[in-house]
There are 2 protein chains.
Amino acid sequence: MDEFTLIERLIAPHAGRRDDVLLGIGDDGALVRPPPGEDLLVVADTIVEAVHFPHELPPSDVGYRALAVNLSDIAAMGGTPRWATLALTMPVSHPEWLRAFMAGFGAAGAAHRVQLVGGDTTRGPLTVTVQLIGSVPAGQALVRHGARPGDRVWVSGTLGDAAAGLPVAAAAAGSPPSGPASFLRERFARPTPRVALGRALRGLATSCIDVSDGLVADLGHIARRSHCDIVVAAASLPLSDALRAVHDDGAARELALTGGDDYELCFTVPPAAEASLRARLAELGEHATCIGEVQEGSGQVVVLDARGDPVIPVRGGYRHF
Amino acid sequence: MDEFTLIERLIAPHAGRRDDVLLGIGDDGALVRPPPGEDLLVVADTIVEAVHFPHELPPSDVGYRALAVNLSDIAAMGGTPRWATLALTMPVSHPEWLRAFMAGFGAAGAAHRVQLVGGDTTRGPLTVTVQLIGSVPAGQALVRHGARPGDRVWVSGTLGDAAAGLPVAAAAAGSPPSGPASFLRERFARPTPRVALGRALRGLATSCIDVSDGLVADLGHIARRSHCDIVVAAASLPLSDALRAVHDDGAARELALTGGDDYELCFTVPPAAEASLRARLAELGEHATCIGEVQEGSGQVVVLDARGDPVIPVRGGYRHF
């Protein structure tokens with residue numbers, strides 16, 4: 001199958017359709033009409049087999065995940081996702097593989113009304129780069145640098161699930177996992193981008209980031225760029241029942257602090273805006289937990305244990321200073 | 001060097017600077033302000049080592065070329081390039097390699113006032129994906145589907161040079177090439193995106209494409225999407241002195257017809273607009289040659305030899321039907 005046939009038969013049917021796309025796949029580039037009065041958000045993430053996901057992950061999950069991690073970046077900026085391009089490098093062109101990949105990509109796109117407008121397919125080791133363009137009313141984007149001392153730190157959903165799910169996803173195919181293992185695997189394979197929550201945080205959150213590298217690492221970006229410290233209470237971290245079922249408390253909290261790939265939103269809100277935050281969460285049916293606060297400082301992230309002592313999270317638990 | 005240091009020290013200094021970028025590299029994504037009343041063009045191209053460029057190509061040329069091929073797509077749509085993202089997959093992180101790569105990328109960007117606003121660096125076989133966003137006044141984009149019978153077919157610059165230059169670029173490093181070989185190598189390594197010409201063709205050209213796969217293949221896209229035939233006179237193809245110096249006439253014309261990578265613009269213009277075209281070319285100091293015409297038909301490209309007989313270009317010359 002040549003590239004044009006492949007695009008026409010296997011890729012284009014999963015592209016989606018938006019009214020603001022004047023010219024999609026098939027010209028030198030796409031032509032789109034941006035919404036008047038909005039700024040644009042531009043994000044791009046690459047996932048490489050054996051680096052960002054295990055070889056065992058089914059193509060439909062690879063496709064879903066490739067778009068979901070970019071949707072999460074748009075969510076973290078409070079935006080509405082619109083147009084994507086896909087640069088797909090594959091070792092060989094298996095129509096069945098690509099059909100499944102695109103079904104997953106298309107499912108993530110359909111859930112958020114994203115249209116795939118272009119891209120490129122090339123031969124090589126499996127590498128998926130997605131660029132996604134979104135929009136946000138002018139001046140209302142959520143950023144990393146706005147946290148202020150006194151703000152409290154919140155996180156959506158639960159943490160540590162994806163890190164616990166990775167080994168399940170990487171296990172050789174056999175009988176599919178069930179119970180907690182199945183839940184954790186899905187959290188890795190098909191993360192939920194918190195797009196509606198991100199939009200709801202406009203005007204409330206002073207900073208926001210998505211948890212991709214791990215909570216402590218990602219809070220470090222907010223702390224450094226906002227020129228303040230962030231103090232997190234390990235006891236307050238939201239843990240899923242599934243995570244608690246397969247790990248003891250120390251290991252679970254360590255995964256919540258340092259495991260990546262959860263794609264939850266972590267954000268700071270001034271106490272005066274907390275009532276509004278709670279109202280918006282209730283309206284959306286979303287859940288978020290207060291896990292710490294912003295303090296004067298020089299960009300450090302400090303984790304406190306249940307007794308209020310600072311700890312360093314290490315594999316399998318904490319290390320005290 | 002970790003990814004953040006690498007981005008800060010080696011990538012960001014070559015990013016460029018535009019006033020319409022509100023937030024560049026360093027947040028979850030970039031925040032940019034689109035020009036009111038303009039549509040956006042979105043293009044993405046991947047180049048893979050040993051597939052699209054030889055291992056011997058110096059990193060500065062790889063960087064230049066990665067952006068230039070995307071600038072050419074924006075040019076082919078009549079747009080003004082604005083914001084780029086770069087997804088760079090490298091086998092190992094050699095600071096010297098990356099510094100040279102970014103110097104080349106930055107040079108192509110500076111020439112067209114493009115700002116690099118984000119992207120991703122990952123580990124793996126050398127693969128470079130650039131996405132570029134440009135803009136065009138609403139409704140004025142050049143497309144592939146507007147050619148009409150009676151229009152004449154034009155091409156900018158000269159053809160076949162890059163295909164002749166590829167083996168020079170692929171030759172093991174030694175004494176640098178000189179004379180015609182040097183010129184042809186540059187045409188492959190550092191193609192010139194015809195951005196100003198593309199803009200000047202707005203309102204004149206009924207269709208436009210850039211020559212990346214080879215003239216016949218690329219004209220085929222216009223012919224099929226415009227539902228007409230295109231007839232090209234092989235004798236009229238513009239050939240450089242350098243190409244003529246290293247290849248006989250048959251081989252040179254075959255490279256001009258089927259060699260890719262020239263990144264010249266190929267476009268159709270109604271006869272009534274030719275005076276305006278010539279005036280705009282003179283104003284810009286750009287050169288274009290009329291090489292054929294659009295006829296009623298079903299999407300074929302026909303090449304005629306000097307006697308007016310249809311031929312099929314083959315390696316080393318033509319084959320008659």
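Modeller: Two strands count as paired if DSSP finds at least two bridges between them. Keep that in mind for this predicted model.

Biologist: What makes strand 3 of chain A and strand 2 of chain B a pair?

Modeller: Three bridges join them, in the antiparallel sense. The cut-off is at least two bridges, so the two strands pair. One of the partnerships is A:Val42 with B:Ala30.

Biologist: How many residues of each chain are in contact with the other?

Modeller: 46 residues of chain B are in contact with 46 residues of chain A. Contact here requires C-beta atoms within 7 Å. Strands 1, 2 and 3 of chain B and helix 2 of chain B are among the elements that each supply at least two residues to the side touching chain A. Strand 3 of chain B gives the most, nine residues.

Biologist: Which classes of residue make up that side of chain B?

Modeller: There are 25 nonpolar, 11 polar and 10 charged residues.

Biologist: Now chain A alone. Why is chain A called as compact as a globular protein of its length?

Modeller: Chain A has 10 helices and 14 strands. Its radius of gyration is 20 Å, and the globule rule gives 20 Å for 321 residues, so chain A is as compact as a globular protein of that length. Its C-alpha atoms fill a box of roughly 65 × 50 × 35 Å along the principal axes.

Biologist: What share of chain A is buried?

Modeller: Buried residues make up 56% of its 321 residues. Each of them has 20 or more other C-beta atoms within 10 Å of its own.

Biologist: Why is helix 4 of chain A called mostly covered?

Modeller: Helix 4 spans residues 161-170, and eight of its 10 residues are buried. Among them are A:Asp161, A:Leu166 and A:Val168. Their cover includes helix 5, helix 8 and helix 9 of chain A.

Biologist: Which residues of strand 12 of chain A are on the covered face, and which on the uncovered one?

Modeller: A:Val301 and A:Val303 form the covered face. A:Val302 and A:Leu304 form the uncovered face. In a regular strand, side chains alternate between the two faces of the sheet.

Biologist: How do you know that strand 9 of chain A pairs with strand 12 of chain A?

Modeller: Four bridges join these parallel strands. At least two are needed, so they pair. A:Ala233 has A:Leu304 of strand 12 as its bridge partner. A:Leu304 belongs to the uncovered face of strand 12.

Conventions: Residues are numbered from 1 along each chain as its sequence is written. Chains are lettered from A and ligands numbered from 1 in the order in which they are written. This is a predicted model: local features need pLDDT of at least 70, side-chain atom pairs count only at pLDDT 80 or more; totals for chains, interfaces and linings use all residues. The radius of gyration is taken over C-alpha atoms; the globule rule is 2.2 Å times the number of residues to the power 0.38. A residue is buried if 20 or more other C-beta atoms lie within 10 Å of its own, exposed if 12 or fewer, and partly exposed in between; C-beta atoms are placed from the backbone. Two residues are in contact if their C-beta atoms, placed from the backbone, lie within 7 Å. Ala, Val, Leu, Ile, Met, Phe, Trp, Tyr, Cys and Pro count as nonpolar, Asp, Glu, Lys and Arg as charged, and the others, Gly among them, as polar.
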